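Hi,

Here is the structure I said I would pass on. Have a look at it first, and my notes follow underneath.

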Amino acid sequence: MPSKRSDYTSAAGIRAVVFDFGGVLFDWSPHYLYQQLIPDAAERAHFLTNICSSEWNLRQDEGRTLQDGTALLVAQHPQHAPLIHAFYDRWSEMLRGPLDEGVALLRNLHAQDVPLFGLTNWSHETFPYALANYDFLQIFRDIVVSGTEQCVKPDEVIYQIALTRYGKQLPNLQPNELVFIDDLEKNVEAARRLGWHAIHHVDCGDTVRQLQALGLPA
């Protein structure tokens with residue numbers, strides 16, 4: 001169960017760590033499914049770049065229903081209807097599982113009573129699958145899911161929602177008392193513009209060193 005301490009503060013004034021999920025804690029990629037459905041690499045890359053694109057998927061992460069997103073794309077590309085339907089019908093096959101180093105970091109911080117929160121771009125319809133299948137998500141005191149809030153990183157509004165939500169558990173929480181870990185630089189830059197500390201997660205060892213520089217027991 002999550003620690004209930006609200007008085008934790010690192011030597012550098014950090015009161016909580018915020019984790020992105022994909023690319024930090026989870027190994028997720030549409031290629032894991034579509035390499036089975038579209039064996040040719042160039043054809044598969046074209047499909048995932050121009051049809052079931054990351055931009056299209058992001059709209060579902062922003063709150064558009066899977067049904068509406070799928071119907072829109074099928075109407076535009078009826079010749080690819082079976083492949084488009086597979087994106088969410090077989091979505092769990094894209095989620096390979098946890099990234100062990102990231103989860104180990106999460107568990108280590110939790111063991112040291114560091115307050116932990118989540119901030120993820122994820123459809124509100126698919127996120128329950130992760131909650132039901134990965135027990136380490138129970139460590140978080142709160143998780144802000146973009147699909148539920150109907151806004152996505154790097155939009156400023158979702159960071160403000162997150163700060164307000166986290167502040168309900170850590171009274172008088174300020175942006176500079178948070179450190180955010182995300183694998184996308186644009187999301188990190190957005191957090192920094194709002195006064196958060198933020199780490200661009202590329203290598204877990206480097207992330208650990210940056211957390212330690214902020215006085216955290218990583």
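**What I found**

Asp-203 sits in the loop between strand S7 (197–200) and helix H11 (204–213). Bear in mind that this is a predicted model. With a relative accessible area of 41%, Asp-203 comes out as partly exposed. Which residues join Asp-203 in a negative surface patch? They are Asp-100, Glu-101 and Asp-206.

Next, the aromatics. The count of aromatic pairs comes to 21. One of them is Tyr-134 with Phe-136: the ring centres are 6.1 Å apart and the planes are at 55 degrees, so this pair is tilted. Planes have to be over 60 degrees apart to count as edge-to-face. Tyr-134 and Phe-136 are both buried.

Another pair to look at is Tyr-159 with Phe-180, which is edge-to-face, at 6.1 Å centre to centre and with 85 degrees between the planes. This pair links distant parts of the chain: Tyr-159 belongs to helix H9 (residues 156–167) and Phe-180 to strand S6 (residues 178–182), 21 residues apart. Are these two rings buried or exposed? Both Tyr-159 and Phe-180 are buried.

Tyr-134 and Phe-136 also turn up in an aromatic cluster. The other members of that cluster are Phe-19, Phe-21, Phe-26, Trp-91, Trp-122, Phe-127, Tyr-129 and Phe-140.

Now for the backbone. As a reminder, most residues other than glycine have a negative phi, and most peptide bonds are trans. Here are the spots I would point you to on that score:

- Lys-153 and Pro-154 are joined by a cis peptide bond, with omega at about 10 degrees. Pro-154 is in the loop between helix H8 (146–149) and H9.
- Asp-113 is not a glycine, yet has a positive phi of about 65 degrees. You will find Asp-113 in the loop between helix H6 (100–111) and strand S4 (116–120). Asp-113 counts as partly exposed because its relative accessibility is 28%.
- Asn-172 has a positive phi too, near 60 degrees, and is likewise a residue other than glycine. Where does Asn-172 lie? Asn-172 is in the loop between H9 and S6. Its relative accessible area is 65%, so Asn-172 is exposed.

That loop between H9 and S6 is worth bringing up on screen along with the Tyr-159 and Phe-180 pair, since Tyr-159 is in H9 and Phe-180 is in S6.

Cheers

Definitions and conventions
Residues numbered from 1 in each chain as written. Predicted model: local features only at pLDDT ≥ 70, side-chain atom pairs only at ≥ 80, totals over all residues. Heavy atoms only, no water. Patch = residues over 30% accessible without salt bridge, like charges linked within 9 Å, V, L, I, M, F, W, Y side chains within 5 Å. Areas by Shrake-Rupley, 256 points an atom, 1.4 Å probe, with all protein chains shown as cover. Salt bridge = Lys/Arg side-chain N within 4 Å of Asp/Glu carboxyl O. Lys, Arg positive; Asp, Glu negative; His and termini not counted. Charge placed at Lys NZ, Arg CZ, Asp CG, Glu CD. Helix = DSSP H or I, 4+ residues; strand = E, 2+ residues; numbered from the N terminus. Buried < 20%, exposed > 50% of the residue type's maximum accessible area, 1.4 Å probe, protein only. Phe/Tyr/Trp six-rings, centres within 6.5 Å; stacked < 30°, edge-to-face > 60°.
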